[in-house]
Amino acid sequence: MGGSAHAAYAVGALLCAGGLAGFVRARSKPSLFAGVGLGTLMLVSGYIIRQGDDLKGHTLALVTSGLVVAGTLPRAIKTQKVVPAAVAFVGLVSALYQGQKVREWR
């Protein structure tokens, strides 16, 4: 119970750091709000998992990962840039992992 929170914590930290970096580098408020907002949701999901509510935590992480993919994949395809593609990839891998965990806990 609660041992799989590390994945949510890692993705959450990456999203927060990426949002802050996007703001510092390009003064991108959307990057800041999306990165920190979605990163915070991932960190909260890790906390929920760590508290023992695995299904609720992994479900929140799955939904958040889906939002990351939905928000970055179109931009990655359009711009062909590395950063949006990397974020979309991380979101997709996270969604696959979290989806598997949701199935385990149902």
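**Exercises on a four-helix model**

T64 touches L38, L41 and M42, leaving out residues up to four places away in sequence; a contact here means heavy atoms within 4.5 Å. Keep in mind that this is a predicted model, where local features need pLDDT of at least 70, side-chain atom pairs count only at pLDDT 80 or more, and totals for chains, interfaces and linings use all residues. Residues are numbered from 1 along each chain as its sequence is written, and side-chain values use heavy atoms, with hydrogens and water left out.

**Exercise 1.** Place T64 in its element, decide if it is buried or exposed, and find the backbone oxygen close to its side chain.

*Solution.*
- Step 1: T64 belongs to helix 3. Helices are DSSP runs of H or I with at least four residues, strands are runs of E with at least two, and both are numbered from the N terminus.
- Step 2: T64 has 1% relative accessibility, so it goes down as buried. The cut-offs are under 20% relative accessible area for buried, over 50% for exposed, and partly exposed in between, using a 1.4 Å probe and protein chains only.
- Step 3: A polar atom of the T64 side chain lies 2.8 Å from the backbone oxygen of L60. That fits the rule for a polar contact: a pair of N or O atoms within 3.5 Å where, within protein, one must be able to donate a hydrogen and the other to accept it, and residues adjacent in sequence count only if both atoms are side-chain atoms.

**Exercise 2.** List the members of the largest nonpolar core, then say which helix gives the most to it.

*Solution.*
- Step 1: Get the rule straight: a nonpolar core is a set of buried Ala, Val, Leu, Ile, Met, Phe, Trp, Tyr and Cys residues joined through side-chain atoms within 4.5 Å.
- Step 2: The largest one has seven residues, namely A8, V11, L15, L38, M42, A61 and V68.
- Step 3: Two or more residues come from each of helix 1 (5-26), helix 2 (29-50) and helix 3 (54-79), and helix 1 tops the list with three.
- Step 4: Take V11 as an example: skipping neighbours within four places in sequence, V11 contacts M42, V90 and S94.

**Exercise 3.** Track down what S4 touches, and find its side-chain partner.

*Solution.*
- Step 1: S4 sits in the segment before helix 1.
- Step 2: With a relative accessible area of 8%, S4 is buried.
- Step 3: Not counting residues up to four places away in sequence, S4 is in contact with I49, D54, H58, Y97 and K101.
- Step 4: The side chains of S4 and H58 make a polar contact at 2.8 Å.
- Step 5: H58 also pairs with R103 in a distance check: the two are 45 residues apart in sequence and 9.5 Å apart in space, C-alpha to C-alpha. R103 is in helix 4 and is exposed, at 56% relative accessible area.

**Exercise 4.** How many salt bridges does the structure hold, and which residue pairs with E104?

*Solution.*
- Step 1: The test is a side-chain nitrogen of Lys or Arg within 4 Å of a carboxyl oxygen of Asp or Glu.
- Step 2: The structure holds one salt bridge, and E104 forms a salt bridge with K101, with the closest N and O atoms 3.1 Å apart.
- Step 3: Both residues lie in helix 4 (residues 82-105), three residues apart, or about one turn of the helix.
- Step 4: E104 is partly exposed at 45% relative accessible area, while K101 counts as buried at 16%.

**Exercise 5.** Check the span of helix 4 and say what covers its buried residues.

*Solution.*
- Step 1: The expected span is 1.5 Å times one less than the number of residues.
- Step 2: For the 24 residues of helix 4 that comes to 34 Å, and the end C-alpha atoms are 34 Å apart, which agrees.
- Step 3: The buried residues of helix 4 include P84, A88, G91 and S94. Among the elements covering the buried residues are helix 1, helix 2 and helix 3.

**Exercise 6.** Sum up the whole fold and test its radius of gyration.

*Solution.*
- Step 1: There are four helices and zero strands, running α-α-α-α from the N terminus on.
- Step 2: The radius of gyration is taken over C-alpha atoms, and the globule rule is 2.2 Å times the number of residues to the power 0.38.
- Step 3: A compact globule of 106 residues would come out near 13 Å; the protein has 14 Å, which agrees.
- Step 4: Buried residues make up 38% of the 106 residues.
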